[in-house]
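Biologist: I would like to go through this model and hear the reason behind each label. Please keep the reasoning short.

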Amino acid sequence: MSAREHIIILGGDFAAPFAAAYLSRMLPAARYQISYIDTGLGDLSGIYSAGHADLAMVNKLLQMSEPDFIRRCHATLKLGEHVQGWGARNYMRPFANYGASLDGIGFLSLAMRAGKTGNLADWTKYCLPSLMAQQGKFAPPAAKSVPIASDYSYSYNLDPRLYAKLLTMRAQHYGAALIQAQSVDAKTDKSGVSVTLPSGETLSGDFLINASGAPLQGQSWTAWAELPGQSVSVKRAAATPTLSPATHHTLGEAYSLTAPLQSGDLSLSIHADSAGETPFTQGHIDTFWAGRVLNIGQAAARFLPLDSLPFAMLHGDLERFVELLPPRFDSAVEGHEYNRRTGERYDRLYDFLAVMCSSCAAPGPFGDAARAISVPKTAQYKIDLFKARGRIAVYDEETMLRDSWLPAMLGQGVWPERHDPMSEEIEQSRIKVHLTKLAEVIEQICAQMPSHEAFIARHCASPEFAARHMKAAP
Amino acid sequence: MSKDQAAHNDSPEINAPQARSDNHAVRKIVIVGGGTSGWMSAAALCKVLESKKLDITLIESEAIGTVGVGEATLPHIRFFNQKLGIDEAELMRETQATYKLGIEFKDWGNIGQSYIHPFGAYGYEINKTPFHHYLTRAINAGQEVNLDAFSLPVMAARAGKFQAPHPDPDHIMGTFGYAFQFDAGLYAQYLRKFSEARGLTRIEGRIIDTTLRSSDGFIESVTLENGDIIEGDVFIDCSGFRGLLIEGALKTGYQSYTDYLPCNRAVTAGSENTAPPKPYTRATAKSSGWQWRIPLQHRTGNGYVYASDFISDDEATASLLADIDGPLINDPRVIRFSSGMRKKAWNKNCIAVGLSGGFLEPLESTGLYLIQEAITNFIELFPTRDCPAADRDEYNRIMELSFERVRDFLILHYVATKRDDSPFWDHCREMAIPDSLSHKMELFRSSGRIISYELGAFKFPSWVAVYYGQGIVPDNHSPIADHMPAAMLPEQLGAVQNSIRQAVDAMSEHNAYIAQQGAAQLG
């Protein structure tokens, strides 16, 4: 093998330090040299305060200590997404399934036969992490194969600026070069990439990862003009004594994503009009991977951060890039496949946003704009099939799996007209006993758990949080 | 619906209304045709609907033959049998079954080459990178690599060994699956007993007419030769190629795949075993198609699948016979078919299962698999009496993808070849292929990447086996495989080979294992 190929990561967005750490860990150092040009973080980095389900796995891959990560990022634990104002009532979309099946019959059909329909909020008692979130509790899942107690996972709410610092250090640890610059000028052509720094120095490379938060000049962009939301404002609140173990997605006049942090809530509000200080244009770049440039993060797509999907998409895009890493950067076929799959991924993401918006219950200009959205055929098909018989149609490139779609549909008030006829093989009385037992077991497990704040104080508190918690404790 | 109609809701003349209450549940299912598809459908429906007071009727005529020849299956069949609660040893005895670890493809990539497509992956992931990238790296570095040595089921098959896998997938003996080679006719008989014991009504008779409901074109009833009229809410068409209901009555239409899969006939014959049965099926490429060899306990199934544009029936028959080792036990029989699928496998209240729903040549033993998919998807989408469009659309979407993905995988066997010894192979090498396949092949050639999908029988390991087996080695490996220093590569590959060799050495002989587990009672 001749000289190493040089990958330059163009910063500006949280996606940059994330990519720098992930890629410097994943790519063999014998073949790749990675440079990260850190130009700070833009206003939209707050979108990444809500961790997705696989974030713990990423940190493990990056060989980070969990308590240390939580402490340094002022992070809190997160059992799922709390959704308020989108459906008729508030509900949780946890990193777990609601209920438990019986004789291979899914919980939805069991609940329908028991007459437990109408609102997902009424199912909280059948889902351990939902009940934990409601009661403000946290404990990690039990060791493998204990029913219910081990059947959930968790993630984090975090301060992206602090996490970015940590990731940058990991990137350097794995051999990435860090270059700090105010602004840069990047140019690419068929044979390579060149980036000019403010000092006049020019960096030449073989491949550019554009994580600057915006497309490079000359790249076309498809607007998702129907999605509500034109501007963003960010607010950091003072620390509070209680911490919800969830990310909150609250729809009122505006849609707010709130990540409870040890240092105080971080909220990002998306306004239907231009009331926020930062403009928010939703859509995606037409060619995610164009020649020697890969666009990730806000440079690839911008959309309502429901379900912590920005984090999930960023991570997924990088995984796909590594999975399809070409033998040389002048090979085009891998990039084509990346674009095919990534395009489908974002189409499926739009399906989800369209389902959420079209069924949204909140009054006001944001809700009005949301309800006016036209639903793509693929999403309408999903809605219709679910409405008819409670089945989720699964396409090839889904970021949200079948089990995540289910509470989204139910929470948004899409209830099936029929239950699974096979569920009739089970007697009503057995279903009743099953549901009662389930709720009892969940309640018992939950009762023994510490509060979220107590858990943090014991295992992973920042010095400030620890001090406050000591004072507050009796 | 008018008020008048609503008032007469219970009257049998009124069509099923749109409401979804229990009194719109399916009451009667009529299965048209026996054979493997009919009896697999019957058994599955009888089992899952056991406690419902549902009338399940199967109409078949002994005067109409079934296509059923010896059948090789995929591991999926075991889940089907498990769901029915069938004891595996009993099934082995009843169907003269042998175990199957994969399919040997002889003379496909080129004359003289042989590989086995096993039920299991080659090697294991290292650094989150599939094993075949390390093989590619070794091959492209000039190392001599025998692919067989990296697959336990392949080595076991070559050695004539078999033993049930270990339940722990991390155990070396847990890294493979298995299927059966059995007599499909006996399997159907076995499932007939199973179904009749669970209340199925079997009617012997030939159907001469089908009556459609005028209001919506649903099938209302079928009329038998003796004048009996059999009504039903749902009809499962298992009548074979002709599609008595789905095509004959409903004129659904057929999507042909013959542009891509040129074989359209098969000549079959059973022969006596001349050696202990091998734990794998063989598919040998020939001048105008390919010949199967399926060893059962009591006999061997043989068949030459060919394209009639390139060889006559007589020539094909002569060629079949020339390549059978044991004495024949029946006269050769020619079957005609056309690869493709019904435009809607579920149309109105009729579900086409088996050959009536579509046909793909048995190169990868997908016949029973596609029947199983058809019937299990129908059960998953079990409708109300009015067969709502949502259920049908989802069923058809899934079945279409299942067929198309098997189709693309089959085409790969024909186009990934260097054979130029006959007009048939010249045609295959140069024929246009679907974009969905050419894109997959291009990506694999560049850097060994396999395209994954949600639905479809053949996943990652199968594609790897056929690509390499037929001589397509990627130009490059995944750069991630270079985490491993070059000097360590031979040692790592050697370790995998050794552990497989040791495990295979300790396995039972196939024949001995059958004798112990599921030998048919002879004599």
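Biologist: How many salt bridges are counted between chain A and chain B?

Modeller: The model is a predicted one, and the count between chain A and chain B is 6 salt bridges.

Biologist: What makes the contact of Asp396(A) and Arg405(B) a salt bridge?

Modeller: The N to O distance between the two side chains is 2.6 Å. The limit is 4 Å between a side-chain nitrogen of Lys or Arg and a carboxyl oxygen of Asp or Glu, so the pair qualifies.

Biologist: Which helices of chain A each supply at least two residues of the side that touches chain B?

Modeller: They are α1 (15-26), α7 (309-323), α8 (333-358) and α10 (377-389). The residues on that side of chain A divide into 20 nonpolar, 1 polar and 14 charged.

Biologist: Why is the aromatic pair of Tyr178(B) and Phe180(B) called edge-to-face?

Modeller: The angle between the planes is 85°, and edge-to-face applies over 60 degrees, so the name fits. The centres are 6.0 Å apart, and the limit for a pair is 6.5 Å.

Biologist: How do you know that Phe180(B) is buried?

Modeller: Its relative accessible area is 1%. Buried means under 20%, so Phe180(B) is buried. Tyr178(B), with 4%, is buried as well.

Biologist: Why is the pair of Trp290(B) and Trp292(B) called tilted?

Modeller: The planes are 50° apart. Stacked needs under 30 degrees and edge-to-face over 60, so 50° is left as tilted. Trp290(B) has 2% relative accessibility and Trp292(B) has 8%, so by the 20% limit both are buried.

Technical notes. Residues are numbered from 1 along each chain as its sequence is written. Chains are lettered from A and ligands numbered from 1 in the order in which they are written. This is a predicted model: local features need pLDDT of at least 70, side-chain atom pairs count only at pLDDT 80 or more; totals for chains, interfaces and linings use all residues. Side-chain values use heavy atoms; hydrogens and water are left out. Helices (H or I, at least four residues) and strands (E, at least two) are DSSP runs, numbered from the N terminus. Ala, Val, Leu, Ile, Met, Phe, Trp, Tyr, Cys and Pro count as nonpolar, Asp, Glu, Lys and Arg as charged, and the others, Gly among them, as polar. Buried means under 20% relative accessible area, exposed over 50%, partly exposed in between (1.4 Å probe, protein chains only).
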